[in-house]
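User: Please take a close look at one part of this model, the helix that gives the most to its main nonpolar core. I would like its surroundings worked through residue by residue, then set against the rest of the chain.

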Amino acid sequence: MKDVQDGNLDVWLDIKSRDEIGALAKEFNKMVGNTKMLMENIIEEQKKKKEYELAVMQSQINPHFLYNTLECICGLADLKRNADVVKIVNQLALFYRGVLSKGNPVISMEDEIIITQTYLEILKVRYGDQIDYTLDFDPEVYKYKTIKLLLQPIVENSIYHGLKNKRGKGHIHIQAGIKDKQLVIVIADDGIGIQQEQLDNMFNLGAADYKQKSFGLKSTNERIKLYFGVEYGLEIQSEYGKGTLVKIKLPTLETRSDTE
């Protein structure tokens, strides 16, 4: 028992008698085994959390988004659109400040909304009249927790796989509120939608797909479940040729009670 107190969970009592001592030894072995399994599961979950967080950060710091934005700034400068240059530089700085600051993977919905809106403003300058967006948030949601970069990957998916390939102007609508004691966020776009076969397999991608698709919708769904529990996550509805709706369900955990 002293070994267990010292953190050694590989001990085993080899007592096979059928009396009280044997029963106690059996229960002791079971308790140690369960404790060891629980500790291993906790370590594995923490490892996965770090891997997902690293994937998100790497995806946001990847050179493609930054290079494309810098090219856009150069183009605007050549056209002497100085006001737009100032706007996009400020938005880019604000975006990376929000993504990189503090280092906490769990932030308030208010901070997450600012990151997402900043990202959308950058893309509006880049694509001009090709995209537009509206936000409709119940102020009650601002105080609740979310994982950092929850909305941005979904918005990115809507733009690059939905709106960019659409003829004419595309629109994204994001709304959030409290329903049945849950924080519910809906991101809807009027892009080209997702084909049924792809939709059916959206959450069944393998490890190789994670690497190819960065984090994507499945990874966002898995991150939610890792941090908040399996009862939370994404629901996706899409009609090919008409658009996509992503619903996110989170617990209502207030940031002021965060002890992380």
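Analyst: What follows starts with the whole chain, moves to the helix and its partners, and ends with other sites.

The model is predicted. The chain has nine helices and seven strands. Of its 260 residues, 40% are buried. The chain exposes about 15300 Å², and carbon and sulfur atoms supply 52% of that area. Take the contacts between residues at least 6 apart in sequence: 72% of them join residues at least 24 apart.

Now the core. The largest nonpolar core holds 53 residues. Which helix gives the most to this core? Helix α5, residues 109-127, does so with nine residues. In soluble globular proteins, nonpolar side chains tend to be buried together. The core members that touch the most other members are I172, I185, I224 and I248. I224 can be followed further. Beyond its neighbours within four places in sequence, I224 is in contact with I147, L150, G229, Y232, G233, L234, I248, K249 and L250. I248 thus appears twice here: it is on the list of I224 contacts, and it is named with I224 among the members that touch the most others.

Back to helix α5. T118 sits in this helix. Its relative accessible area is 3%, so T118 counts as buried. Leaving out neighbours within four places in sequence, T118 is in contact with Q91, L94 and F95.

E121 also lies in helix α5, and K87 lies in helix α4, residues 82-100. The side chains of K87 and E121 meet in a salt bridge, at 3.2 Å from N to O. Side chains of opposite charge can pair when their charged atoms come close. The two residues are 34 apart in sequence, so the pair ties together separate parts of the chain. Are the partners buried or exposed? E121 is buried, with a relative accessible area of 15%. K87 is partly exposed, at 34%.

A third view of the region comes from T69. This residue is in helix α3, residues 63-78. T69 is buried, because its relative accessibility is 0%. Apart from neighbours within four places in sequence, T69 is in contact with I88, L92, I122 and R126.

Helix α3 residues were given as 63-78, so the cysteines C72 and C74 are worth a check. How many disulfides does the whole structure have? The search finds zero. Why does C72 form none? The closest cysteine sulfur, in C74, is 9.2 Å from the sulfur of C72, which is too far for a bond. The cut-off for a disulfide is 2.5 Å between the two sulfur atoms. C74 is likewise in no disulfide, its nearest cysteine sulfur being that of C72. C72 is buried, with a relative accessible area of 16%.

Next, the other charged pairs. The whole structure has nine salt bridges. One of them joins the side chains of R81 and D84, at 2.7 Å from N to O. Both ends are partly exposed: R81 has a relative accessible area of 37%, and D84 has 22%.

Another joins the side chains of D132 and K169, at 3.9 Å from N to O. This pair links distant parts of the chain, 37 residues apart. D132 is in strand β2, residues 131-137. K169 is in the loop between α6 (151-163) and β4 (170-179). D132 is partly exposed, with a relative accessible area of 23%. K169 is partly exposed too, at 46%. The pair belongs to a wider set: salt bridges with shared partners join K124, D132 and K169 into one network. Helix α5 spans residues 109-127, so K124 brings the account back to the requested helix.

Last, a site on the surface. L38, M39 and I42 make a nonpolar surface patch of about 270 Å². M39 lies in helix α2, residues 20-61. M39 is partly exposed, with a relative accessible area of 42%.

In short, helix α5 gives nine residues to the largest core. Helix α5 also holds the buried T118. Through E121, helix α5 is tied to K87 in helix α4.

Definitions and conventions: Residues numbered from 1 in each chain as written. Predicted model: local features only at pLDDT ≥ 70, side-chain atom pairs only at ≥ 80, totals over all residues. Heavy atoms only, no water. Patch = residues over 30% accessible without salt bridge, like charges linked within 9 Å, V, L, I, M, F, W, Y side chains within 5 Å. Areas by Shrake-Rupley, 256 points an atom, 1.4 Å probe, with all protein chains shown as cover. Salt bridge = Lys/Arg side-chain N within 4 Å of Asp/Glu carboxyl O. Helix = DSSP H or I, 4+ residues; strand = E, 2+ residues; numbered from the N terminus. Buried < 20%, exposed > 50% of the residue type's maximum accessible area, 1.4 Å probe, protein only. Core = buried A, V, L, I, M, F, W, Y, C linked by side-chain atoms within 4.5 Å. Contact = heavy atoms within 4.5 Å.
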